[in-house]
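Got your viewer open? Here is a short tour, stop by stop, with something to select each time.

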Amino acid sequence: GQGDPVWACWPMGGVWLAQHLWAHYAFGGDQRYLRDHAYPVMKGAALFCLDWLIEGGNGMLVTAPSTSPENKFTTPDGQHAAVSMASTADMALIWDLFTNCIEAADVLGDDTAFRDELLAARSRLTPPRIGQHGQLQEWFADWDDPADHHRHVSHLIGLHPGRQITRHGTPDLFAAAQRSLEL
């Protein structure tokens with residue numbers, strides 16, 4: 001697998017790392033750290049995402065190309081592939097980044113135009129979906145295989161460390177995430 005996209009291409013790596021900056025702020029509440037260090041990097045990652053997202057044909061925004069770290073899927077005609085569009089991991093990371101940037105702008109009382117742009121884009125992100133096995137879909141299409149015992153559960157990023165999926169706020173998605181773990 002030289003250059004196999006399952007490990008060689010993950011445009012959302014920087015977005016994932018930006019989560020740690022917000023977590024650092026959320027733990028300590030240091031607004032100077034947020035303003036001087038975390039928010040500029042988070043904003044840069046959000047700007048990258050705004051440029052990376054495209055309209056997916058139904059008015060919703062998607063990432064393309066998109067992978068789910070170190071995993072592949074099998075299409076109904078038996079093809080093995082790693083690249084799709086709007087993997088659940090991508091979309092959850094972007095949702096979380098946009099949410100963190102929106103909250104940071106509120107905390108800092110600044111950057112309201114960018115905040116509003118993120119709110120508008122976040123409302124158009126392709127949402128997580130529940131698949132034919134009751135699972136949280138990992139891929140844009142319902143290609144999940146219940147016999148896939150891959151060690152990564154990247155499609156659950158919206159549950160943890162993200163906060164898009166919660167027991168009380170999104171109970172159907174929470175149950176689907178649980179079903180993914182069971183499978």
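Before you click on anything, a word on names: helices here are DSSP runs of H or I with at least four residues, strands are runs of E with at least two, and the numbering starts from the N terminus. Keep in mind as well that this is a predicted model.

**Stop 1: Gln19**

Select Gln19, which sits in helix α2. Is Gln19 buried or exposed? Its relative accessibility is 8%, and buried means under 20%, so Gln19 counts as buried. Now show what is around it. Setting aside residues within four places in sequence, Gln19 is in contact with Leu93, Asp96, Ile157, Pro161 and Gly162.

One of those partners deserves a click of its own. Pro161 is in the loop between α5 and α6 (171-182). The peptide bond joining His160 and Pro161 is cis, with omega at about 10 degrees.

**Stop 2: α2 against α4**

Next, colour helix α2 (residues 13-28) and α4. At what angle do their axes cross? Roughly 35 degrees, and the axes come within 10 Å. The crossing is left-handed. To see who makes the contact, select Val15, Trp16, Ala18, Gln19, Trp22 and Tyr25 on the α2 side. On the α4 side, pick Leu93, Ile94, Asp96, Leu97, Asn100, Glu103, Ala104 and Val107. Sorted by class, this contact has 10 nonpolar, two polar and two charged residues.

**Stop 3: α3 against α4**

Keep α4 (residues 88-108) on screen and add helix α3 (residues 31-52). These two pack at an angle of about 140 degrees, and their axes are 9 Å apart. That angle makes α3 oblique to α4. Here too you are looking at a left-handed crossing.

The α3 residues that make the contact include Leu34, Tyr39, Met42, Ala46, Cys49 and Leu50. From α4, the contact residues include Ile94, Leu97, Phe98, Cys101, Ala105 and Leu108. How many residues of each class take part? There are 15 nonpolar, two polar and two charged.

**Stop 4: the nonpolar core**

Time to look inside. In soluble globular proteins, nonpolar side chains tend to be buried together. In this model, the largest nonpolar core has 35 residues. Select Met42, Leu97, Phe98, Leu118 and Leu125, the ones with the most contacts inside it. Which elements give two or more residues to this core? They are α2, α3, β2 (61-62), α4 and α5 (112-122). The largest share comes from α4, with 12 residues.

Zoom in on Phe98 for a moment. Not counting residues up to four places away in sequence, Phe98 touches Ala46, Cys49, Leu50, Leu53, Leu118, Ala121, Arg122 and Leu125.

Then move to a second core, which lies apart from the big one and has six residues. Among them are Leu156, Ile165, Leu173 and Ala177.

**Stop 5: the loop between β2 and β3**

Select Thr63, in the loop between β2 and β3 (73-74). With a relative accessible area of 0%, Thr63 is buried. What does Thr63 contact, leaving aside its neighbours within four places in sequence? Its partners are Met12, Trp52, Leu53, Met85, Ala86, Ser87, Asp90, Met91 and Ile94. Try a distance label too: from Thr63 to Leu50 is 9.8 Å, C-alpha to C-alpha, with their positions 13 residues apart in sequence.

Step along to Pro65, also placed in the loop between β2 and β3. A cis peptide bond links Ala64 to Pro65, with omega at about 0 degrees.

Glu70 is in the loop between β2 and β3 as well. Check its backbone: phi is positive, about 60 degrees, although Glu70 is not a glycine. At 36% relative accessibility, Glu70 counts as partly exposed.

**Stop 6: two more loops**

Jump to Asp111, in the loop between α4 and α5. Asp111 is another residue other than glycine with a positive phi, near 65 degrees.

Finish at His149, in the loop between α5 and α6. Buried or exposed, what would you call His149? Its relative accessibility is 65%, so His149 counts as exposed. For a last distance label, connect His149 to Ala104: they are 45 residues apart in sequence and 38 Å apart in space, C-alpha to C-alpha.

Technical notes: Residues numbered from 1 in each chain as written. Predicted model: local features only at pLDDT ≥ 70, side-chain atom pairs only at ≥ 80, totals over all residues. Heavy atoms only, no water. Axes fitted to C-alpha atoms, helices over the stretch in contact; angles between N-to-C directions. Parallel < 35°, antiparallel > 145°, perpendicular 65-115°, else oblique. Left-handed = near helix turned anticlockwise from the far one by under 90°. Contact = heavy atoms within 4.5 Å. Nonpolar A, V, L, I, M, F, W, Y, C, P; charged D, E, K, R; others polar. Buried < 20%, exposed > 50% of the residue type's maximum accessible area, 1.4 Å probe, protein only. Core = buried A, V, L, I, M, F, W, Y, C linked by side-chain atoms within 4.5 Å.
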